[in-house]
Amino acid sequence: MKFKRARSLLCLCIAVAINAPSLSYADTIELPNIGTVAGSTLTIDQELIYGDAYMRMLRNSQPIVNDPVINEYIDSLGHKLVANANDVKTPFTFFMIRDRNINAFAFFGGYIALHSGLFLHAQTESELASVISHEIAHVTQRHLARSMEDQARRSPATIAALAGSLLLAIAAPEAGIAAITATTAGSMQSRINYTRSNEKEADRFGIATLAKAGFDAQAMPRFFGRLADEYRYASKPPPMLLTHPLPEDRITDSRERAQHYPLMRLQPSLDYHLARSRIVARYAGIDNEAALDWFKRAEKKENAALIPAFQYGNALVYLDSKQLEKSQAILSKLVAQDPTNNFYLDAMADLYIDLNQADKAQTLLENALKQKPNNPTLTINYANSLLKQDKLSDAIRVLQRYTHDNPNDPNGWHLLSEASISIGNSQEDLAARAELLALKANWNKAIQYYTQASQLAKLGSLEQARYDARIDQLMVQRDRFLSLQ
């Protein structure tokens with residue numbers, strides 16, 4: 001499904017631990033259990049509160065990619081790794097920021113951000129997974145909280161000041177350094193050393209998670225080494241090298257550690273390359289001709305099994321540039337080859353809608369949902385297909401359930417607002433727009449919209465009671481948010 005550029009977040013998911021295949025080295029190594037310290041500074045519950053607050057701030061300030069297919073892919077990959085990680089004490093949320101710079105960062109509450117540029121640099125799914133597993137380790141080992149505790153021992157700064165400056169240090173290194181200098185009395189050198197210690201620890205735990213989840217452990221030193229070589233003499237290194245220093249001893253250490261794990265010869269991941277093609281076509285900031293040239297060159301040098309990924313990329317470029325016949329010729333073959341693939345189904349549904357054949361999109365998605373009931377990507381596309389046919393009551397019914405199950409996904413609220421306007425239901429439109437504002441911490445405007453919805457509702461009705469209850473919830477969230485500042 002195609003959406004306007006928006007700032008979004010995947011729904012918060014609880015990671016479920018599973019038994020994984022045994023690995024001789026992973027079973028014998030004893031990693032230090034040091035991820036549970038820092039409790040005297042910040043509790044897990046407090047981390048979750050800070051994480052939620054920071055996520056709302058990011059939605060309001062960063063170009064977070066609001067793409068259900070990409071979100072589903074990184075959520076699936078991320079939680080496969082989380083299920084094989086140690087010391088998991090928080091939910092995890094994975095999301096992508098539209099930024100060509102190579103970077104990834106983690107912050108309180110299990111939130112992990114990936115820059116779109118990371119997909120352009122990682123050559124395999126294992127390389128991408130190595131970066132994600134490293135960030136997961138930062139969370140499970142509570143490196144932010146431990147950094148705060150270390151700073152608090154040497155500084156009169158409050159927890160709020162430290163927490164704010166630490167977030168800045170991860171998301172915006174230059175601003176973060178300035179904030180830390182202004183709020184702490186500790187030396188910069190000791191912070192750099194502490195950061196390097198955290199990086200090595202995240203590598204150690206991350207590579208164990210990577211191997212346990214069935215990925216190539218060699219991918220971590222390979223990715224790090226290529227990144228270091230490429231930017232060794234760069235005057236302006238990518239943000240990832242500012243926030244994740246790569247001295248030679250760290251690369252050497254990760255290489256030696258990876259050699260203790262069995263050598264994995266994995267088949268290329270089609271889903272990874274489909275996600276990569278989608279990013280090249282829509283989020284790389286290049287024009288259509290450049291994207292088509294990228295796919296042409298990639299198809300010549302990559303494994304033949306990945307050809308569908310590059311064909312899919314071509315189809316997206318044709319679809320977005322309204323060359324619908326060319327897009328249809330490719331997508332029809334891809335769907336026939338793999339009729340349950342959500343990348344293809346999402347694009348085919350968009351194509352039908354652009355061809356003014358939304359009824360075909362509806363049928364396609366109904367059949368797919370029989371195989372994958374309640375799948376978020378298929379469901380939001382299905383609701384859109386109903387909306388395009390003016391089947392407004394059906395669309396609203398689907399969207400009400402979708403927003404209940406996925407309250408942090410702006411896609412559902414945007415479509416619900418659109419559907420409510422179409423049937424002249426101003427109060428439900430106001431409620432949907434209020435939820436979008438709350439996701440970006442615009443509490444007062446959200447409360448104002450819900451107040452207006454309550455005034456429009458019939459006195460004493462269930463709708464009015466629902467709006468009033470939501471107003472009370474938002475006021476509590478607002479006060480909690482403001483107390484962190």
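This passage describes the salt bridges of a predicted model and a three-stranded sheet with a helix lying across it. Residues are numbered from 1 along each chain as its sequence is written, and side-chain values use heavy atoms, with hydrogens and water left out. Because the model is predicted, local features need pLDDT of at least 70 and side-chain atom pairs count only at pLDDT 80 or more, whereas totals for chains, interfaces and linings use all residues.

Side chains of opposite charge can pair when their charged atoms come close. A search of the whole structure finds 17 salt bridges, a salt bridge being a side-chain nitrogen of Lys or Arg within 4 Å of a carboxyl oxygen of Asp or Glu. One of them joins Glu127 to Arg226, with the closest N and O atoms 2.6 Å apart. This pair links distant parts of the chain, since Glu127 belongs to helix H5 (residues 125-140) and Arg226 to helix H10 (residues 219-230), 99 residues apart; helices (H or I, at least four residues) and strands (E, at least two) are DSSP runs, numbered from the N terminus. Glu127 counts as buried, at 1% relative accessibility, where buried means under 20% relative accessible area, exposed over 50%, and partly exposed in between (1.4 Å probe, protein chains only). Glu127 and Arg226 also belong to a network of salt bridges that includes Asp216 and Arg222.

A further salt bridge is formed by Asp320 and Arg282, whose closest N and O atoms are 2.9 Å apart. Asp320 lies in helix H15 (residues 307-320) and Arg282 in helix H13 (residues 270-282), so that the pair ties together parts 38 residues apart in sequence. Asp320 is partly exposed, at 31% relative accessibility, while Arg282 is buried, with a relative accessible area of 13%. The side chains of Asp479 and Arg478 likewise meet in a salt bridge (3.5 Å, N to O), and Asp479 is partly exposed at 45% relative accessibility.

Three strands form an open sheet of mixed pairing in the order E1-E3-E2, two strands being paired if DSSP finds at least two bridges between them. Strands E1 (93-97) and E2 (104-107) are the edge strands, each pairing on one side only, and the twist averages 20° from one strand to the next. E2 and strand E3 (residues 111-115) pair in the antiparallel sense over four bridges, and the bridge partner of Ala106 in E3 is Ile112. Helix H2 (residues 44-61) lies across E1, E2 and E3 and runs at about 140° to E2; axes are lines fitted to C-alpha atoms, for helices over the stretch in contact (heavy atoms within 4.5 Å), and angles run from 0 to 180 degrees between N-to-C directions.
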